[in-house]
Amino acid sequence: MLTELQVKNTKPKEKPYMMRDDRGLYLRVDPSGRKYWILRYWEQKKERQLSLGSYPVLSLKDARQKRDEIQTDRAKGKSLSLKSANIPQTFSKAASEWLKVRMKDKTGGYLKTIHYRLNKYILPTLGAWPLRDIT
């Protein structure tokens, strides 16, 4: 099991790598130094990975708590599909959520340009696509 000090002192390497904590929880470290929590689990005979959040925003203690909550839900028969995880299912919904979160402090003119480009070039093609189908 990892300690908070180990997580804090983890250094990036040339390639991304993962450090195992316990019961499917891993810390992924990218070459850029970005660290984030991954939950690995099996569903329908396939290994899946679910990103829980980045470190230090999500501490080791919080990541373990989130893992436990997810495993409890899975034990009750809940799936970790996009629908059950409250993640937008289509690109259009994801783009709308992105606009709310990332563009709230932008100027009106910039926001208008982003809306225009999304509606003219991107959403007509990708808007109705499920996020799972976009690679």
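Biologist: Which residue of β3 is the bridge partner of Leu27?

Modeller: In this predicted model, Leu27 has Trp37 as its bridge partner in β3. On the side of the neighbouring strand, Met19 stands opposite Leu27 in β2.

Biologist: How do you know that β2 and β3 pair, and in which sense?

Modeller: Strands count as paired when at least two bridges are found between them. β2 and β3 share 5 bridges and pair in the antiparallel sense, so the criterion of at least two bridges is met. The two strands form a hairpin with 5 residues between them, and Gly33 in the turn has a positive phi of about 100°.

Biologist: What makes strand β1 and β2 a pair?

Modeller: The rule is again at least two bridges. Strand β1, residues 17–20, is joined to β2 by 4 bridges and the strands run antiparallel, so these strands also qualify. One of the partnerships is that of Arg20 with Tyr26 in β2. This hairpin has 4 residues between its strands, and Arg23 takes a positive phi near 50° there.

Biologist: Where do these strands stand in the order of elements along the chain?

Modeller: From the N terminus on, the order is α-β-β-β-β-α-α-α. The chain contains 4 helices and 4 strands.

Biologist: Why is β2 called largely enclosed?

Modeller: A residue is buried when its relative accessible area is under 20%. In β2, 4 of the 5 residues are buried, so the strand is largely enclosed by the rest of the structure. Leu27 illustrates the surroundings: beyond residues up to four places away in sequence, Leu27 touches ten others, among them Leu2, Val7, Met19, Trp37 and Tyr55.

Biologist: Which residues touch the most other members of the largest nonpolar core?

Modeller: That core has 16 residues, and Val7, Leu27, Trp37, Leu50 and Leu52 touch the most other members. At least two residues of this core come from each of β2 (25–29), β3, β4 and α2 (60–75). There is also a second, separate core of 5 residues, including Ala95, Met103, Ile114 and Leu118.

Biologist: How many aromatic pairs does the rule give?

Modeller: The count is 2 aromatic pairs.

Biologist: Why is the pair of Trp37 and Tyr55 called edge-to-face?

Modeller: Ring centres must lie within 6.5 Å, and planes over 60 degrees apart count as edge-to-face. For Trp37 and Tyr55 the centres are 6.4 Å apart and the planes stand at 85°, so the pair is edge-to-face. The pair links distant parts of the chain, with Trp37 in strand β3 (residues 35–43) and Tyr55 in strand β4 (residues 46–55), 18 residues apart. Both Trp37 and Tyr55 are buried.

Biologist: What makes Tyr116 and Tyr121 an edge-to-face pair?

Modeller: The centres of these two rings are 6.5 Å apart and their planes are at 90°, so Tyr116 and Tyr121 are edge-to-face.

Biologist: Is Tyr121 counted as buried or exposed?

Modeller: Exposed begins over 50% relative accessible area. Tyr121 has 53%, and therefore counts as exposed.

Biologist: How do you know that the charged end of Arg40 sits over the ring of Tyr26?

Modeller: The distance part of the rule asks that CZ of Arg be within 6 Å of the ring centre. The charged end of Arg40 is 4.8 Å from the centre of the Tyr26 ring, so the distance limit is satisfied. Likewise, Arg34 lies over the face of Tyr36, at 4.3 Å from the ring centre.

Biologist: Why does Asp30 count as buried?

Modeller: The limit for buried is under 20%. Asp30 has 13% relative accessibility, so this residue counts as buried. Asp30 is found in the loop between β2 and β3. Apart from neighbours within four places in sequence, its contacts are Pro12, Pro16 and Tyr36.

Biologist: Why is Val101 called partly exposed?

Modeller: Partly exposed lies between the buried limit, under 20%, and the exposed limit, over 50%. Val101 has a relative accessible area of 46%, so the term partly exposed applies. Val101 belongs to helix α3, residues 91–102. From Thr72, Val101 is 29 residues away in sequence and 29 Å away in space, C-alpha to C-alpha.

Biologist: How does the radius of gyration of the chain stand against that of a compact globule, and what does the chain have?

Modeller: A compact globule of 135 residues would have a radius of gyration near 14 Å, whereas the chain has 18 Å. The C-alpha trace spans about 50 × 35 × 25 Å along its principal axes. Of the 135 residues, 26% count as buried.

Technical notes
Residues numbered from 1 in each chain as written. Predicted model: local features only at pLDDT ≥ 70, side-chain atom pairs only at ≥ 80, totals over all residues. Heavy atoms only, no water. Phe/Tyr/Trp six-rings, centres within 6.5 Å; stacked < 30°, edge-to-face > 60°. Buried < 20%, exposed > 50% of the residue type's maximum accessible area, 1.4 Å probe, protein only. Lys NZ or Arg CZ within 6 Å of the ring centre and 35° of its normal. Core = buried A, V, L, I, M, F, W, Y, C linked by side-chain atoms within 4.5 Å. Contact = heavy atoms within 4.5 Å. Rg over C-alpha atoms; globule rule 2.2 N^0.38 Å.
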